[in-house]
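Q: Please take a close look at one helix of this model and describe how it packs against its surroundings. For context, add a second helix pair and the state of the cysteines.

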Amino acid sequence: RARDIFKVQETIIQAFREALKNEQFTEFQSPAIVGADAEGGAMAFEVKYYYDKVAYLATSPQFYKQIMAGVYERVFTTPKIFRGEKHATTRHLSEITQMDFEMAFIKDYLEVMNVLERVVKNIAAQVVEKHSDVLERFKVGVPLVSEKFPILTLREAQKILKIAEEPDLDPEGERAICEWAKREYNSDFIFITHFPTAKRAWYSYDDPANPEYTLSFDLLFRGLEINSGSQRIHDYQYLVKKMKERGFDPEKFDFYLQTFKYGMPPHGGCSTGLERLTARMLGLSNIKEAALFPRDLNRIDSRLS
């Protein structure tokens, strides 16, 4: 069983790479040790560094993706990232493999979603082609892939489900809207867009038509969010303003902001969790089954509690 899982996972990450190379993306390696965290350090693991300095284990390659998009225009990376929240769920790990890409000179966030859709379709096709026997052994069907993935705004999804207008969908909401997409569009995938500005990352681009929401999206697959992305703010002054509004010190992020001082084109990107995608592809009930050596609240090789 475990051998099957990780052969499928190998195919997923290989198909991700191949699809983006075909889209003229350049791969780069992002750092795992960072001096300032994209999420502000609140959920980052601290590292004792040289000269009594504090560093962090990266929670995202976000800053480096954006910097490199200014160099190569289309880039991707598959780093390990680390999240320090004390989760004890079937959906979370403390060490995760992310499949990230960023692309410059975009018209809008829909271009990012279109590339992601083509990449995900390629992944699904490769898994079906190479591992149909595994899907049979795991008693999961072939992923349902519609001609175009359905797209709903967050508020549209909540209206369909007849639930309150919260800042995000809870796990039950994600499962319910995926069931709706399966019924209405014969699709195991659905995009949810336009999340509230106050609850999305500060580098996400506001919707000019309604600044209360961002030009952002999640991709859900079989009841679980597997990807999150957005169009990014590319204007230096506005980016600094947004940082200050969220309580960040721009001086600590000077290495990142200097790229924008010299000028950045409109750009956007997204991040897919390898373990989450693997778990949904094979119908695994716990994401820890999709990590060879899982790190979580209670273990790091040995049991912690």
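A: What follows covers helix H2, then the pair H1 and H3, then the cysteines.

The model is predicted. Helix H2 spans residues 62-72. Its buried residues are Gln 62, Phe 63, Tyr 64, Lys 65, Gln 66, Ile 67 and Ala 69. These buried residues pack against several strands, namely E2 (33-34), E5 (74-77), E7 (95-104), E13 (224-232) and E14 (267-273), and also against helix H7. Just after H2, Glu 73 has a positive phi of about 75°.

Two packed helices are described by the angle between their axes and the distance between the axes. For H2 and H7 (residues 254-262), the angle is about 25° and the axes lie 10 Å apart. Angles under 35 degrees count as roughly parallel, so H2 and H7 are roughly parallel to each other. Their crossing is left-handed. On the H2 side the contact is made by Phe 63, Tyr 64, Gln 66 and Ile 67, and on the H7 side by Phe 255, Tyr 256, Thr 259 and Phe 260. By class, the residues of this contact are 6 nonpolar, 2 polar and no charged.

The second pair is helix H1 (residues 2-22) and helix H3 (residues 109-137), with axes that come within 9 Å and cross at roughly 155°. Angles over 145 degrees count as roughly antiparallel, so H1 and H3 are roughly antiparallel to each other. The crossing of H1 and H3 is right-handed. Residues of H1 in this contact include Asp 4, Lys 7, Val 8, Thr 11 and Ile 12, and those of H3 include Val 115, Val 119, Asn 122, Lys 130 and Arg 137. The residues of the contact between H1 and H3 divide into 11 nonpolar, 5 polar and 4 charged.

Now the cysteines. A disulfide is a covalent bond between the sulfur atoms of two cysteines. The structure holds 0 disulfides. The sulfur of Cys 178 has its closest cysteine sulfur in Cys 270, 17 Å away, which is too far for a bond. Cys 270 is likewise in no disulfide, the nearest cysteine sulfur being that of Cys 178. Cys 178 is buried, with a relative accessible area of 6%. Cys 270 is buried too, with a relative accessible area of 1%.

Notes:
Residues numbered from 1 in each chain as written. Predicted model: local features only at pLDDT ≥ 70, side-chain atom pairs only at ≥ 80, totals over all residues. Heavy atoms only, no water. Axes fitted to C-alpha atoms, helices over the stretch in contact; angles between N-to-C directions. Helix = DSSP H or I, 4+ residues; strand = E, 2+ residues; numbered from the N terminus. Parallel < 35°, antiparallel > 145°, perpendicular 65-115°, else oblique. Left-handed = near helix turned anticlockwise from the far one by under 90°. Contact = heavy atoms within 4.5 Å. Nonpolar A, V, L, I, M, F, W, Y, C, P; charged D, E, K, R; others polar. Disulfide = S-S within 2.5 Å. Buried < 20%, exposed > 50% of the residue type's maximum accessible area, 1.4 Å probe, protein only.
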